[in-house]
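Grab a pencil and open the viewer. Each exercise below gives you a task, then walks through the solution one step at a time.

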Amino acid sequence: MSKTKEFLIPFVGLKLGKHHFEYQVNNKFFENFEYNEFQSSDIKVNLVLDKKSTMLELDFKHKGTVNVPCDLTGEDFDLPIKGKMKLIVRFGDEFNNDNEELLILPHGEFEIDVAQYIYEMIALSVPLKRVHPGVKDGSLQTEALNKLNELSVKEQKEESKQEEDIDPRWEKLKKLLTDK
């Protein structure tokens with residue numbers, strides 16, 4: 001991924017204490033990661049960087065919507081998502097990001113790229129099964145569902161017709177079985 005200046009935070013020039021950063025994330029952001037799961041996205045990311053003398057604490061929070069297809073019906077809908085993540089940045093001899101909650105930067109570093117962490121936080125907050133809210137409450141109206149409803153009504157009418165056309169002789173035979 002190419003580094004964009006928007007997500008680079010030069011922490012060397014910051015005073016000790018809390019600093020607030022705000023990002024608006026859309027599909028252009030996800031294109032940098034070659035991630036195309038969303039038709040569209042509108043997510044607000046808040047980042048609080050707490051600079052201390054020996055480390056940095058980053059608190060990420062996001063809230064917004066992503067437009068995704070429903071896994072059951074295929075209809076696109078806006079899925080609300082939200083989440084948060086905490087990251088601690090310490091300084092050491094060499095770069096190490098093996099631990100998801102701890103990042104070790106070399107002593108000479110002066111900035112941190114938060115784009116990867118924002119991407120991971122958002123991608124992991126999207127549920128594996130995406131179901132249109134209209135499916136849950138029964139208010140979803142699509143051509144496919146309307147066609148299925150038409151067909152199911154006809155089947156019920158045919159079943160009731162079959163019950164009326166039963167030969168009376170069969171009824172008498174059934175009675176013999178139950179009279180035992």
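**Exercise 1. Find out which residues Val114 is in contact with, leaving aside its neighbours within four places in sequence, and decide whether Val114 is buried or exposed.**

Step 1. Start with the contacts. In this predicted model, skip the neighbours within four places in sequence, and Val114 is in contact with Phe7, Ile9, Tyr23, Leu47, Leu58 and Phe60.

Step 2. Now locate Val114 itself: the loop between β7 and α2 is where you'll find it.

Step 3. Check the accessible area. Val114 has a relative accessible area of 0%, and buried means under 20%, so Val114 is buried.

Step 4. Compare sequence with space. Glu6 and Val114 are 108 residues apart in sequence, but from C-alpha to C-alpha they are 9.4 Å apart in space.

Step 5. Zoom out to the chain. Of its contacts with a separation of 6 or more, 55% are between residues 24 or more positions apart. As for burial, 30% of the 180 residues are buried.

**Exercise 2. Work out the order of the strands in the open sheet, and say how each neighbouring pair runs.**

Step 1. Count the elements. The chain has five helices and seven strands, and along the sequence they follow the pattern β-β-α-β-β-β-β-β-α-α-α-α.

Step 2. Write down the order. Five strands make up the open sheet, as β2-β3-β4-β5-β6, and the pairing is mixed. At the edges sit β2 (17–25) and β6, each pairing on one side only. On average, neighbouring strands are turned by 20 degrees against each other, direction ignored.

Step 3. Recall what holds such a thing together. Strands of a sheet pair through backbone hydrogen bonds, in a parallel or an antiparallel way.

Step 4. Take β2 and β3. They pair in the antiparallel sense over nine bridges, and Lys18 has Asp50 in β3 as its bridge partner.

Step 5. Move on to β3 (residues 40–51) and β4 (residues 55–69). They run antiparallel, joined by 12 bridges. You can spot Val45 opposite His62 in β4, while Ser41 has Val66 as its bridge partner. Three residues sit between these two strands, which form a hairpin.

Step 6. Next come β4 and β5 (residues 76–92), antiparallel again, with 15 bridges. Here Pro69 has Asp76 in β5 as its bridge partner. Their hairpin has six residues between the strands, and one to click on is Gly74, with a positive phi near 85 degrees.

Step 7. Finish with β5 and β6. This pair is parallel, over five bridges, and Val89 stands opposite Leu103 in β6.

**Exercise 3. Find which strands α2 lies across.**

Step 1. Follow α2 over the sheet: α2 lies across β2, β3, β4, β5 and β6.

Step 2. Pick β5 as a reference for direction. The angle at which α2 runs to β5 is about 140 degrees.

**Exercise 4. Say which residues are the closest to the centre of the largest pocket, and which element gives the largest share of its lining.**

Step 1. Begin with the volume: the largest pocket has about 490 Å³.

Step 2. Look to the centre. The lining has 26 residues, and Leu87, Asn97, Asp113, Gln116 and Tyr117 are the closest to the centre.

Step 3. Sort the lining by element. Two or more residues come from each of β5, β6 (102–106), β7 (112–113) and α2 (115–125). The largest share is from α2, with six residues.

Step 4. Sort the lining by class. You get 11 nonpolar, six polar and nine charged residues.

**Exercise 5. Decide what is unusual about the phi of Glu34, and whether Glu34 is buried or exposed.**

Step 1. Remember the general rule. Most residues other than glycine have a negative phi.

Step 2. Now look at the angle. Glu34 isn't a glycine, yet its phi is positive, near 55 degrees.

Step 3. Place the residue. Glu34 is in the loop between α1 (27–31) and β3.

Step 4. Test for exposure. The relative accessible area of Glu34 is 74%, and exposed means over 50%, so Glu34 is exposed.

Key
Residues are numbered from 1 along each chain as its sequence is written. This is a predicted model: local features need pLDDT of at least 70, side-chain atom pairs count only at pLDDT 80 or more; totals for chains, interfaces and linings use all residues. Side-chain values use heavy atoms; hydrogens and water are left out. Two strands pair if DSSP finds at least two bridges between them. Helices (H or I, at least four residues) and strands (E, at least two) are DSSP runs, numbered from the N terminus. On a 1 Å grid over the protein atoms alone, a cavity is a set of points where a 1.4 Å probe fits but cannot get out, and a pocket is an open set with protein on both sides within 12 Å along at least five of seven lines; lining residues have an atom within 4 Å of a point. Grid points are joined across faces, edges and corners, and a volume is the space filled by probe spheres set on the points. Ala, Val, Leu, Ile, Met, Phe, Trp, Tyr, Cys and Pro count as nonpolar, Asp, Glu, Lys and Arg as charged, and the others, Gly among them, as polar. Axes are lines fitted to C-alpha atoms, for helices over the stretch in contact, and angles run from 0 to 180 degrees between N-to-C directions. Contact means heavy atoms within 4.5 Å. Buried means under 20% relative accessible area, exposed over 50%, partly exposed in between (1.4 Å probe, protein chains only).
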